[in-house]
Amino acid sequence: TGSKSSSNSDSVNSLGNNISSSNNSLVHNLGWPNRVPRSEINDRFKMIITKAAEFFIYSESNTCLSGGDVKFARHLFSLLLSGMGAIVERRSGNRNTWSTIVWNCRDTVRAMSGQLMVWMMSPGQKNSLRMYVIQSLRNQLKAKEVIASIILSNSQIEQQFALYMWELMYGADSSKLPEPDKQVCEDLKDLLQAWNLYSPESIGHDFDPWTEDLTAMARSVFHQRSLWAKQQEPIINRTISRMEGMVKAVSEAALTVTRMVVDAQNLERKAMMESMKQSVSDSIHAQLQWKLLAHQLTHERAVWHFPKSYPRSWQLDETEGPARVRKRLKRCHLHVDKRFLKSEFQDRLDAASQTQPLSFLFGAEGPSMSAVLIERLHTDEKIRHMSSARIVTPAHEVCGELLIGETSLYFVPNSEPAKLDVNTGYLDVSSQAWQFEDVKEIHNRRFQLQERALEIFLLNGKTYLLAFESSAERDLFAAELSHCELPHRVASDHLSDTVQLWREGHLTNWEYLTTLNKMAGRSYNDLMQYPVMPFVLADYTSNTLDLTDPKSYRNFKKPMAVQEKSSEQHYINNYNYLKQELTDALNLISINLEAYHYSSHYSNSGTVLHFLVRLPPFTSMFINYQDNNFDLPDRTFHSIHTTWRLTSSESPTDVKELIPEFFFLPEFLANHEGFDFGARQNGARVDEVVLPPWSCGDARRFILIHRQALESDYVREHLPLWVDLVFGYKQTGKAAVESINVFHPATYYGFNPESIVDPLERTAWETMVKTYGQTPRQLFRAAHPMVVQTLAPKTTSLSAIHGVKGISWGNYVGSPSDSAPSVIWQQQHRTPVASLVPLLTNDVFGLAPSTTLLLAYSKEKTLSLVATGGTCVLGAALVSWGHSDGIIRAKLKKEQPPYPAIRPPRCGGPVTQCVSVPDCSQLWLGYATGKILVYRYKFKPSKGTLEFSPEPVELLGHNAAILSLTLCRAYSVALSGSVDGSAILWDLNRLSYVRSLPNISLPVSLTCVSEVSGELVTVGSDADSGSSTVRLHTINMVLIGSVTTREQITAVCFSTSPEGVSINVIATGMSNGVIRLWSTWDLSAVGEIIVNSVDNPVLGLTYSHDSQHLYASTDDGNLTIWEGSAMKGGSKTPKFLNLTTLI
């Protein structure tokens, strides 16, 4: 112990000497005598040691000191002890610069030494620091004089030191003090008594009860610390106030500098983001252009066709035609397992696994549709409203954000949908960005029995069902959208006007039912709310169907399940049983449960998929619906008669009505894709749907007859009874009970699963809502008014098809059921009328050779406009071609000369065809090389402007000159014919290839597309023999018939009488001036229209919009108008506007 104490003493003395030496050196180096006055040096030294000591002695006693703080405290105490030693030595005559300074500050040094000493000795400090004080005092060279000077100058210091020594040696924590340290303390205690600095009573012993004295001392120290802090507050405030100006200036300068730095960073960041955005935009644009090129150049008639990867299957195109029919098919890959196909069809699946053409250009994923949309959303475009929503499709729901911009409506999906193939035609992003000018209709819709959806109808035939989170969000979004400029939006039809139009015969049954379905919220986008159509016929077994016999039809007054009287009691008993059960257990049954006749519904997703199982994409949906399987063969839709039999009488759970496809789409009855549905129990394999004998096994024939049956006089008379059941007052209440027409409560609007407390039961009922079916919105609260009976005598229709009685030819010029048409107007024109353009206004424009018409309507014709005649022409422009300079010229006003509008590229050779149709906004140019260019344009008649897109879309498929181009806006298709004998169908919306007709060895000089049925006519002309071959195909390229005429056909058109109430005809103008009529059902000859004074070739031929007038022009300038007998005495003279003199 002695050696260790000696070592500590030496180290402390050495430290003191070093401090003294360094202090003397410092003062000497500063050159104190020459630079700073002695008094200022003294004041500075006093302030430094005072502030340094106060940093510790007035800090909280329990403050945890860092290692640096402890080191500084030790150094400061050593410095003060060194100063006290210098003061003591000066008394003995030893003087130097350091001793002079501390001597002048001796009172301050003595006071700070004592206060720092007792602070370091206080019980709150670590024992190592307290022992450092003990050892420093014990080992001081003149310890007696130094300790005496410190202690005896202040009685509180003397008392505190004794108390703290006692607490260290004998206090509660004294046991933690090592024995050597205790011995050091004992030695110092003995020295203090030996030096008479403390008496034995005042120095303290282990038996002294000084605990309370320690507590009192702690309170005194705390009080002194508080007084000191209060005394320092004015000084602190004065210091802060003195520096406020400088702080403010520094803060403002710092803020300015920060703002400048942030602005500079933001500019750099913005420049970097713009550069990145432009880079991404360029990359996406390049990939889309490559995809477009790949699609244009790799189809089956293109130069880079890849047969192995080309889609070999067809699925239904969602584009709607007139009266909401969806007839078109589009290419697709079937993503199903091979076990679902017959062996001879399984190789069709191989194409989907092949590498897509030029896929290496698009990377692993290709351009993201969301990225494409975001790229189109410019940063400066204002977003007026944003809402979470989902697009509902038959197959799935896509969640995302719906945005209302300045000119468009945008949908940004939360996640990327499945990637689509190059050849499926999905190259545009119109499914995610809809311009306001393309919006046609907006209707409120229900989703899962809640009023929280909207359905948007576009001019291009697309519809989108948007479901929101709540009704309030839907209403807010609809209100914001109503404030946007939607130039082509038409008002919703009024129910009362629609009913009256139907009663008076201005609407067909199909048009009326389609409109009622739309008003009742039925949508092709939601399988649970699919449009519902009635079972019409009851005779599916006769060889001859008589549409004039009431026995051929179902009972429209009764639901399908009770078509036979014997079936009624079963459902009545079921209703009464459930009603009694609910009465007996009122408090035990869910509040949502009510009595019902039927546990299933006449329309739900299962019903729709049951009927459409043969038609992709519904096949894949059905497989998913059936847990990755087809249904049992005996339950698969295999026979129309069987379906009628089960639904009408034999099956107590099958109460289904029909879907719209039964009246316009023969493809869903055929098994073109070769699906393997298995064999029934009787051994018969399920393949194509077994049709009634009167349809002769022809699906198209069945659809046409079925449509005629829907439009029959019997159905027209009894249809209100069915409307009462499905859309009317018999839907609910007492009338529904009496009509045996009550379905499960989960199928009615107002049912709310959220009101069910039990989570398991609530989940079960929510599942019922999603699967059982949904009853349409109730439109009528009273009985539906009956049809207005006409007093005119009914004409007896000639038999149009063998085996069917009562088929109606309809009323149009040349109809076999009418008398011969009469010429009501004939005139000679200086310039031959090369083409005739019928308008929705029932007028006809005549155009000169090498001229086409660009025309804009005020709005599309709706049911309401039929009654009010609201459709009018906003403006028209004439476009001419064939000029020597190759420029396409346009003329907007009569008094203005034509001006150059388009300078087509010379690489395609001369223009051979230039075509547009009213309200299409596209101009198609056909070239001698077989190339087709499509220019989009914006026509604003009110401003007198016509703007063409600078870059046309190029379509390739023909190898020789284009001879004919026909655009059909109703079905969004174009048909082109070429010298090489090819005829190609194009998509107007996507401007892409659809499919080709089989080539013939004759140039296809004429083409035409029916605005009513979408059927295609091509005419091949043999220049050597002067004969022509007419071919009639469906819109899906199924051959209906082919006829060769000895005379050359020079013009062709379709009649446009409504489907179902008539059999339309194809009118062909012959080289001898005769007009021949051909049936659109089988291309059989119907009749001829001859004018004795006309024997020149017919150039232009068209029916008026209502088909009650037929216009024909010949190459000598003669124009003749015929009128049908149905119009005599009741129609105004048709308006013909000759535009041949304006070019």
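This tour moves through the model stop by stop, with a selection to make at each.

The model is predicted, so local features are taken at pLDDT of at least 70 and side-chain atom pairs at pLDDT 80 or more, while totals for chains, interfaces and linings use all residues. Residues are numbered from 1 along each chain as its sequence is written, and side-chain values use heavy atoms, without hydrogens and water.

**Stop 1: a three-strand run**

Select residues 888-891, strand β17. Strands (E, at least two residues) and helices (H or I, at least four) are DSSP runs, numbered from the N terminus. Color Ile888 and Ala890, which point one way, then Arg889 and Lys891, which point the other. All four are buried, meaning under 20% relative accessible area; exposed is over 50% and partly exposed lies in between (1.4 Å probe, protein chains only). In a regular strand, side chains alternate between the two faces of the sheet.

Now add β16, residues 873-880. It pairs with β17 in the antiparallel sense over three bridges; pairing requires that DSSP finds at least two bridges between two strands. Val879 has Ala890 as its bridge partner in β17. Add β18, residues 899-902, which runs antiparallel to β17 and is joined to it by three bridges. Here Ala890 is partnered by Tyr899.

**Stop 2: backbone exceptions**

Most residues other than glycine have a negative phi, and most peptide bonds are trans. Go to Asp919, in the loop between β19 (911-915) and β20 (922-927). Its phi is positive, near 60°. Asp919 counts as buried, at 18% relative accessibility.

Next, select Ser972, in the loop between β24 (962-968) and β25 (973-978). Ser972 also has a positive phi, about 55°. Its relative accessibility is 4%, so it counts as buried.

Then jump to Pro616 and Pro617. The peptide bond from the one to the other is cis, with omega near 5°. Pro617 sits in the loop between α19 (605-611) and α20 (618-625).

**Stop 3: cysteines**

How many disulfides does a search of the whole structure find? Zero, with a disulfide taken as a pair of cysteine sulfur atoms within 2.5 Å. Select Cys920 and Cys968. The sulfur of Cys920 has its closest cysteine sulfur in Cys968, 9.9 Å away, too far for a bond. Cys920 is buried at 12% relative accessible area. Cys185 is buried as well, at 0%.

**Stop 4: the largest cavity**

Select Lys327, Phe664, Pro666, Arg700 and Glu1015, which lie nearest the centre of the largest cavity. A cavity is a set of points on a 1 Å grid over the protein atoms alone where a 1.4 Å probe fits but cannot get out; lining residues have an atom within 4 Å of a point. The lining holds 16 residues: seven nonpolar, three polar and six charged. Asp, Glu, Lys and Arg count as charged; Ala, Val, Leu, Ile, Met, Phe, Trp, Tyr, Cys and Pro as nonpolar; the others, Gly among them, as polar. The volume is about 180 Å³, as the space filled by probe spheres set on the points, which are joined across faces, edges and corners. The model has 10 cavities of 30 Å³ or more.

**Stop 5: a long-range contact and a repeat**

Select Gly505 and Val787. They are 282 residues apart in sequence, yet their C-alpha atoms are 8.2 Å apart. Gly505 lies in the loop between α16 (495-503) and α17 (509-519) and is partly exposed at 47% relative accessibility.

Finish with residues 955-996 and 1091-1123, covered by the annotation "repeat: WD" in an unreviewed UniProt entry. UniProt positions follow the numbering used here, feature names are shortened, and annotations may be inferred rather than shown by experiment. In 1091-1123, the end C-alpha atoms lie 13 Å apart, and the span is 55% strand and 0% helix.

Notes. 1 Å grid on protein atoms, 1.4 Å probe; cavity = no way out; pocket = protein on both sides within 12 Å on 5 of 7 lines; lining within 4 Å.
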